[in-house]
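Student: Could you walk me through reading a sheet and its loops? I'd like the general idea and then the case at hand.

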Amino acid sequence: MPKRGDIEELYEFRILFTHKGESFTNDRHFTAMNVKSAIEMFEFACRKDELDVEIVQIEKWNRWADRWENADDKVEENVDLVS
């Protein structure tokens, strides 16, 4: 049986984004160990669906406070996805 410290905790992330040239904001949810993994999953989904998007905000669900919070440790890279 694994020790409690050996198990990676999973978090729910909400990525708010717009399609390039549009003003309407969409969101997608991902369960990941950290914000970098969530962004990688989002990029994969966008490439798969051939979406050209811009990330507006990344939020992390705080289950103890029952609210979405800004993911401050967001990777500061310009996400330019294949259309």
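Tutor: Let's go through the sheet, the helix and then two loop residues. Keep in mind that this is a predicted model.

Student: In what order do the strands sit in the sheet?

Tutor: Strands pair up when there are at least two bridges between them. Here 4 strands make an open sheet, ordered β2-β1-β3-β4, with antiparallel pairing. Since β2 (25-32) and β4 (67-70) each have a single partner strand, they stand at the edges, and one side of each is left without a neighbour in the sheet. From one strand to the next, the twist averages 35°.

Student: How many bridges join β1 and β3?

Tutor: Residues 11-19 are β1 and residues 53-62 are β3; the two pair in the antiparallel sense over 7 bridges. Take F13: its bridge partner in β3 is K60.

Student: Which strands does helix α1 touch?

Tutor: Contact here means heavy atoms within 4.5 Å. Helix α1 (residues 35-48) packs on the sheet and touches β1, β2 and β3. Its direction makes about 125° with that of β2.

Student: Now the loops. Where is E50, and what is its phi?

Tutor: E50 sits in the loop between α1 and β3. Its phi is positive, about 55°, although E50 is not a glycine.

Student: And is E50 buried or exposed?

Tutor: Exposed means over 50% relative accessible area. E50 has 61%, so it counts as exposed.

Student: What about D66: buried or exposed?

Tutor: D66 is exposed too, with a relative accessible area of 56%. You'll find D66 in the loop between β3 and β4, and it has a positive phi of about 60° although it is not a glycine.

How values were computed: Residues are numbered from 1 along each chain as its sequence is written. This is a predicted model: local features need pLDDT of at least 70, side-chain atom pairs count only at pLDDT 80 or more; totals for chains, interfaces and linings use all residues. Side-chain values use heavy atoms; hydrogens and water are left out. Axes are lines fitted to C-alpha atoms, for helices over the stretch in contact, and angles run from 0 to 180 degrees between N-to-C directions. Buried means under 20% relative accessible area, exposed over 50%, partly exposed in between (1.4 Å probe, protein chains only).
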